[in-house]
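Biologist: Before we use words such as buried or core, could you show me the model and say what stands behind each of them?

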Amino acid sequence: AGSCQGNSVERKIYIPLNKTAPCVRLLNATHQIGCQSSMSGDTGVIHVVEKEEDLSWVLSDGPHPPYMVVLDGNLFTRGVMMQLKGTSRVSGLAVAVAKPNPPQGFSPGLKCPNDGFGVYSKDYGPQFAHCNKTVWNPAGSGLSYEDFSFPIFLLEDANETQVIKQCYQAHNVPRNGSGPEYPLCAMQLFSHMHAVTSTVTCMRRSSLQSTFSINPEVVCDPLLDYNVWSTLQPINSSGKVDPEKEVIIVATRIDSHSFFWNIAPGAESAVSSFVTHLAAAEALHKASDVHLLQRNVMFTFFQGETFDYIGSSRMVYDMEKDKFPLRLDNIHSFVELNQVALRNDSVLWMHTDPVSRMNGSVEAQVRNLLDVLSSSSVGANVTLQEVGYSQPLPPSSFQRFLRARHIPGVVLTDHRTAFQNRYYQSMYDTPENIRMQYPEGLSPEETLDYVTDTAKALAEVATVVARALYRLAGGAGSGTSAIQADPKTVTRMLYGFLIKMNNSWFQSIIKPDLKGILGDVPQHYVAVSSPVNTTYLVQYVLANLTGTVVNLTKEECQNPEKTPSSERELYEYAWVQGSLDPNATSRVPYCVRSTVHLSKALSPAFELRQWGSTEYSTWTESRWKEIRARIFLVASKELEILTLLVGVAILVFSLLATYFINAKADVLFSDPRDPGAVAY
């Protein structure tokens with residue numbers, strides 16, 4: 001009963017903010033970035049800042065510091081944030097989402113993404129190192145890579161933002177130029193981070209705890225997940241591919257990032273490319289003679305690329321150490337899909353590495369690659385153009401392979417120089433950014449199947465890529481016209497990966513025990529618990545699009561090693577939910593056989609315990625105890641002190657009264673004498 005009463009009192013005092021996303025602390029070999037609160041949370045009087053002039057109240061004029069700033073999304077810029085960072089009058093920040101997206105663009109990422117971890121350095125193409133030739137993300141403010149000593153939260157729900165503003169209007173708005181009267185509306189943010197300084201420090205502390213403590217307290221975790229890969233022709237996933245067998249690698253990244261934790265829609269920076277990649281894989285698998293092709297094709301989806309190429313660097317490391325079925329020697333060529341949704345005049349740019357092309361044999365192979373890609377676009381609504389020799393590769397997974405070996409390769413993008421994407425690595429890289437539009441009034445099922453213009457455009461790109469791969473693998477040019485990506489598949493994937501994961505198609509293609517991964521709004525942050533939802537879904541979508549349904553029972557499908565004809569070393573088997581029977585509430589499950597596999601996407605730095613590595617990614621995420629936000633009314637300091645003094649006075653009086661009563665208890669509580677009694 002006591003806890004219930006306490007709870008109701010708390011509810012009367014505090015209004016919790018349930019739809020928020022925090023900025024958390026990340027660390028690498030040299031420093032920490034992100035935000036945190038003090039151990040007991042940070043509190044301040046709310047001040048709403050909707051235009052730059054409002055900042056003066058927070059920075060100098062307001063009489064009730066420290067302030068919790070509720071910041072309009074359009075003012076969430078580097079200039080404003082550096083002003084707030086440089087004062088002790090701010091205890092925290094709550095950012096309202098800008099609606100519509102900021103027209104000037106917003107990218108809290110770096111101007112030169114993954115600088116220092118690609119192929120260009122003082123030893124290889126020094127003229128291209130550190131984006132000397134091309135600044136890829138000119139809109140990048142670097143905000144995500146700053147270290148803030150106060151908590152910063154995103155207000156995801158417009159209704160909660162309105163409640164805060166109403167509280168501010170009722171209590172905190174300055175009257176006639178003077179400060180508002182108490183009580184004032186205040187906010188408290190909790191986001192205390194356990195890790196400090198750098199990955200080297202936090203991993204050493206965690207390691208010491210694990211060695212000497214019975215209950216070790218880990219303070220940070222490496223960013224990790226799994227890469228998804230499959231092959232056109234099955235290979236022995238536990239063995240080694242024949243050294244003479246050539247494989248074409250098609251690659252893309254599947255993760256994104258923003259300033260706030262687990263807010264990573266990544267529509268243009270990740271989803272557009274991996275959806276196109278998946279559609280190309282499906283189109284190529286449908287070709288009738290793929291099993292006869294001279295070269296194999298490997299479809300690869302890298303995780304953690306945003307954080308200094310975690311996935312690709314791990315795959316290269318595994319290939320070098322013979323821990324992967326393929327070796328680097330098996331790679332015939334490399335085709336990477338980067339950002340492809342924002343094409344101008346349907347032009348797709350082909351980027352190559354000018355340094356490796358100085359080698360005659362590599363140049364000949366790259367030239368062949370470019371010619372095949374260009375000729376594959378004939379008749380499609382896509383024009384492929386070369387960027388030219390003078391420009392380096394954009395940030396791409398291919399760079400990690402080039403660091404290990406001169407491999408002929410091309411990176412396909414919608415930008416010739418700087419990114420077209422003005423919202424790179426931000427919360428505004430949403431479906432609207434890649435111009436996904438639906439008619440009004442569609443049901444969820446109708447929206448899932450409605451083919452948008454974006455889906456049609458990406459299906460065109462997938463068709464060109466699939467045809468080029470077919471020819472590169474040794475297919476006859478006459479067979480390419482039948483290879484066609486399906487716009488309906490593309491539109492379903494875009495809906496599932498950008499708007500609503502919990503849809504009927506995704507439900508039908510996953511295992512029954514994975515139902516819990518289908519949240520509502522998709523996010524594509526790599527995180528520290530793996531596999532994340534995106535990885536699972538890319539795995540099962542790829543299996544659905546490229547695998548075959550086999551006639552096995554549930555028991556046989558889940559234990560294929562017990563079935564003699566299963567060829568377990570060549571294939572993966574999955575018992576999936578299936579779609580709902582139209583006339584019933586039950587599903588019709590079935591078994592899918594595919595060549596889809598997972599491989600670890602954990603930076604080799606952690607495998608080697610080289611936490612200060614400059615060769616591999618060293619990103620970790622701090623642990624925390626609780627993340628929460630709430631608002632409440634706060635009284636003046638004078639009233640708080642008066643209340644405290646009155647309370648102390650009552651306590652002292654009570655103690656004195658208790659002592660006096662206890663001392664005189666025999667007088668105060670003795671039995672009254674019988675008046676008739678006689679003493680002798």
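What follows is a short exchange about the terms applied to this model.

Modeller: This is a predicted model, in which local features need pLDDT of at least 70, side-chain atom pairs count only at pLDDT 80 or more, and totals for chains, interfaces and linings use all residues. Residues are numbered from 1 along each chain as its sequence is written, and side-chain values use heavy atoms, with hydrogens and water left out.

Biologist: Why is asparagine 338 called buried?

Modeller: Buried means under 20% relative accessible area, exposed over 50%, and partly exposed in between, with a 1.4 Å probe and protein chains only. Asparagine 338 has a relative accessible area of 8%, and therefore counts as buried.

Biologist: What makes the link between the side chain of asparagine 338 and proline 395 a polar contact?

Modeller: The term asks for a pair of N or O atoms within 3.5 Å, where, within protein, one must be able to donate a hydrogen and the other to accept it, and residues adjacent in sequence count only if both atoms are side-chain atoms. Here the side chain of asparagine 338 reaches the backbone oxygen of proline 395 at 3.1 Å, so the distance falls within that limit.

Biologist: Which residues does leucine 278 contact, leaving aside its neighbours within four places in sequence?

Modeller: With contact taken as heavy atoms within 4.5 Å, the partners of leucine 278 include Phe301, Met493 and Phe497.

Biologist: What makes S10 and strand S22 (residues 620–622) a pair?

Modeller: Two strands pair if DSSP finds at least two bridges between them; S10 and S22 have 3 bridges, in the antiparallel sense, and so they qualify. Cysteine 220 stands opposite serine 622 in S22.

Key: Helices (H or I, at least four residues) and strands (E, at least two) are DSSP runs, numbered from the N terminus.
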